[in-house]
Amino acid sequence: MPFPLHRMRRLRSHPWAREMTRETRLHKSMFVEPFFVTEGKGRRVPVPSMPGVCQLSVDTLVEECAISREMGIGAVLLFGLPETKDGVGSEGYSPKGIVARALEALKESLPDLYLIADVCLCEYTDHGHCGIIGAGRSAGPATKDVLNDPTLDLLAKEAVVYAEAGADMVAPSAMMDGQVRAIRSALDAKGLETLPIMSYAAKYASGFYGPFREAAQSAPQFGDRRGYQMDPPNVREALREVALDLEEGADVVMVKPALAYLDVLRRVADSSPVPVAAYNVSGEYSMLKAAAERGWLDENRLVMEILTAIRRAGADIILTYHARQAAKLLDG
Ligand code: PBG
């Protein structure tokens, strides 16, 4: 008997056969749509490096979120652009800060929309770092560094303010050691023990955040984030970050960015006992938008291919600026 010819093409020829045998499916309930909220009224300020994304004032944010909800997107993630910035990011944890007010307005108008608040200081500090700055400890000439432990209290305060303003989940992204534990104990102390934490557990120091920093006006004014975000070549370290965040009380762990880190996502998904999120970040979005604008890539097709790949690599939740477009495509 000669080796039989295996007819792999049998299930590929009819569209329904392909539909029926698909191993990975996307659903709108997996998507979280990020939004940037700014001061003022009636504002929709386009972000040049992220076509289709705007900075929104609280009133227009409510309008846009209502549209997203209508389209079947159940969860949003909020980033704030404060009126003023200072060395300690005080607008981030002021109960009158921009994200706190946005949460209150959204909770009131769209009570069934799931609200996730990013917890970090970089949008609120004048130096653009994710924590407060002090003297560095390395040998040689005087350096400045992001101070870990003093930052924890501020992140915890910020998380409590957002929770009390209406957030259904908080998502710490500052990459300070111990941030999940600090936030968990602060929430618990306020009787918010049922509020979940989605931790940016494996967040890499990535060039893919470039457009976000324009959108959130959060570029560091000196140095970079390599002293607290992860080094891109590492994967064992990601597993350790995840393990530590779980120990500290994380309910969901995130890998970020997504596309250049699908191997990390797969490793985390294989070992994580909790749901795994992946952040399809700004640079990944803008790359596709730019190529599509030039007619080099088919945008709709690639949106689905990319999100499906992230899902296939193990994500339960996908944070993506393509959420609306993907929702539309899934509706057919
Ligand atoms: C805040 C934060 C960043 C992103 C999410 N939260 C930027 C950064 O770390 O510089 C990036 C999101 C994106 O690029 O879409 N720390």
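Colleague: How many residues surround the ligand, and which are the closest?
Modeller: The ligand has 17 residues around it, with Lys203, Arg213, Lys256, Ser282 and Tyr321 the closest. Each counts because one of its heavy atoms lies within 4 Å of the ligand. This is a predicted model, where local features need pLDDT of at least 70 and side-chain atom pairs pLDDT 80 or more, while totals for chains, interfaces and linings use all residues. Residues are numbered from 1 along each chain as its sequence is written, and side-chain values use heavy atoms, without hydrogens and water.

Colleague: What makes the pair between Lys203 and the ligand a polar contact?
Modeller: A side-chain N or O atom of Lys203 is 2.7 Å from an oxygen atom of the ligand. The limit for a pair of N or O atoms is 3.5 Å, so this is a polar contact. Arg225 also has such a side-chain atom, 2.9 Å from a ligand oxygen. For Ser173, a polar side-chain atom lies 3.4 Å from a ligand nitrogen.

Colleague: How much of the accessible area of the ligand does the protein cover?
Modeller: The protein covers 100% of the 400 Å² that the ligand has on its own (Shrake-Rupley method, 1.4 Å probe).

Colleague: Where does the ligand sit?
Modeller: The ligand sits in the largest cavity, so more than half of its atoms lie within 2 Å of the grid points of that cavity. A cavity is a set of points on a 1 Å grid over the protein atoms alone where a 1.4 Å probe fits but cannot get out.

Colleague: How do the residues of the shell around the ligand divide?
Modeller: That shell has nine nonpolar, three polar and five charged residues. Asp, Glu, Lys and Arg count as charged, so Lys203 is in the charged class.

Methods. Polar contact = N/O pair within 3.5 Å; in protein donor to acceptor, adjacent residues only side chain to side chain. 1 Å grid on protein atoms, 1.4 Å probe; cavity = no way out; pocket = protein on both sides within 12 Å on 5 of 7 lines; lining within 4 Å.
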